[in-house]
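The following exercises concern the fold and the charged side chains of one protein chain. Please work through each task with the sequence and the model in view before reading its solution.

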Amino acid sequence: MSDCGCRPTGLETTSQRRALVVALGLNAVMFVVETAAGIHADSASLLADGLDMATDASVYAVALLALTRSARFKKGAATWSGALLFLVGVGVVLETVRRAFAGAEPGGLWMMAVGLLALAVNAYVLRLLARQRSAEVHMRAAWIFTRADVIANAAVLVSGALVWATGIIAFDLAVGLAIGVYVIKEAFEILREARDA
C-alpha cells in the first residue's frame with residue numbers, strides 16, 4: 001500500500017486507530033509511572049525507559065494524525081519519529097554518563113517491580129501493533145519503537161535483580177547506557193525505512 005501511495009481502507013484505518021489509541025494511553029501512563037519510579041529509586045535504567053515511553057506516546061500520537069493523510073505525510077511522520085528517538089537516545093546516554101560520575105544508589109526491588117509492569121504493558125502493545133506491522137511506514141515505525149521497549153524492559157528487570165542481589169550499581173548504569181545506544185540504533189532504522197518508503 002505504501003508503494004502505490006494509496007490510502008488505507010476504512011476498516012484498516014479503524015483497526016490502526018484502535019491499536020494506536022490503546023498504545024498511546026498505556027505509554028503515557030507508563031511514562032509517569034516509570035519516571036516517578038526512576039526518580040524515587042535513583043535508577044538510570046528506569047529513567048531511560050520512562051523517557052522512552054514518553055517518546056513512544058508522542059510517536060503514536062503522530063501516527064494517529066497520519067492515518068488519513070497522504071503517503072508523503074506518513075513518511076514525514078516516520079522521519080520525525082526517528083529524529084525524536086535519536087535525540088532521546090543521546091539524552092539517555094549523556095544522563096547515564098553523568099550519573100556514573102555523580103554517583104547513584106538505585107533500588108533493585110523498585111527496578112524489578114516497575115520493569116516487570118512495563119514489560120507486560122509493552123508485550124501487550126507489541127502484540128497489538130504486530131497485526132499492523134506490514135502496513136505503511138508510520139505504523140512500522142510505531143512497531144519498531146515498541147519492539148525496542150520490550151527489550152529495554154527486560155534489561156531493566158534483569159539489572160534490577162542484579163543490583164538487588166549484589167548491590168553493584170554498575171548494572172543499572174550499564175543497562176541505562178545500553179538502552180540509550182539501542183534507542184539510537186532503532187532511530188537510524190526508522191529513518192532509513194522512512195527514506196526508502
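A residue counts as buried under 20% relative accessible area, as exposed over 50%, and as partly exposed in between (1.4 Å probe, protein chains only). The model is predicted: local features need pLDDT of at least 70 and side-chain atom pairs pLDDT 80 or more, while totals for chains, interfaces and linings use all residues. Residues are numbered from 1 along each chain as its sequence is written, and side-chain values use heavy atoms, without hydrogens or water.

**Exercise 1.** Determine the secondary structure of the chain and its overall dimensions.

*Solution.* Step one is to assign elements as DSSP runs, numbered from the N terminus: helices (H or I) of at least four residues and strands (E) of at least two. This gives 6 helices and 0 strands, in the order α-α-α-α-α-α from the N terminus. The radius of gyration, taken over C-alpha atoms, is compared with the globule rule, 2.2 Å times the number of residues to the power 0.38. The chain has a value of 17 Å, close to the 16 Å that the rule gives for 197 residues, and is therefore as compact as a globular protein of that length. Along the principal axes, the C-alpha trace spans about 55 × 25 × 20 Å.

**Exercise 2.** What percentage of the residues of the chain count as buried, and what percentage of contacts between residues at least 6 apart in sequence join residues at least 24 apart?

*Solution.* Of the 197 residues, 47% count as buried. For the second part, a contact means heavy atoms within 4.5 Å. Among contacts between residues at least 6 apart in sequence, 82% join residues at least 24 apart.

**Exercise 3.** Analyse the salt bridges of Arg99.

*Solution.* A salt bridge requires a side-chain nitrogen of Lys or Arg within 4 Å of a carboxyl oxygen of Asp or Glu. By this rule the chain has 5 salt bridges. Arg99 pairs with Asp42 at 2.9 Å, N to O. This pair links distant parts of the chain, 57 residues apart: Asp42 lies in the loop between α1 (10–41) and α2 (44–66), and Arg99 in helix α3 (residues 71–102). Arg99 also meets Glu95 at 2.9 Å, N to O; both lie in helix α3, 4 residues apart, about one turn of the helix.

Next, consider accessibility. Arg99 is buried, at 8%, whereas Asp42 is partly exposed, at 25%, and Glu95 is partly exposed, at 28%. Finally, Asp42, Glu95, Arg98 and Arg99 are linked in a network of salt bridges.
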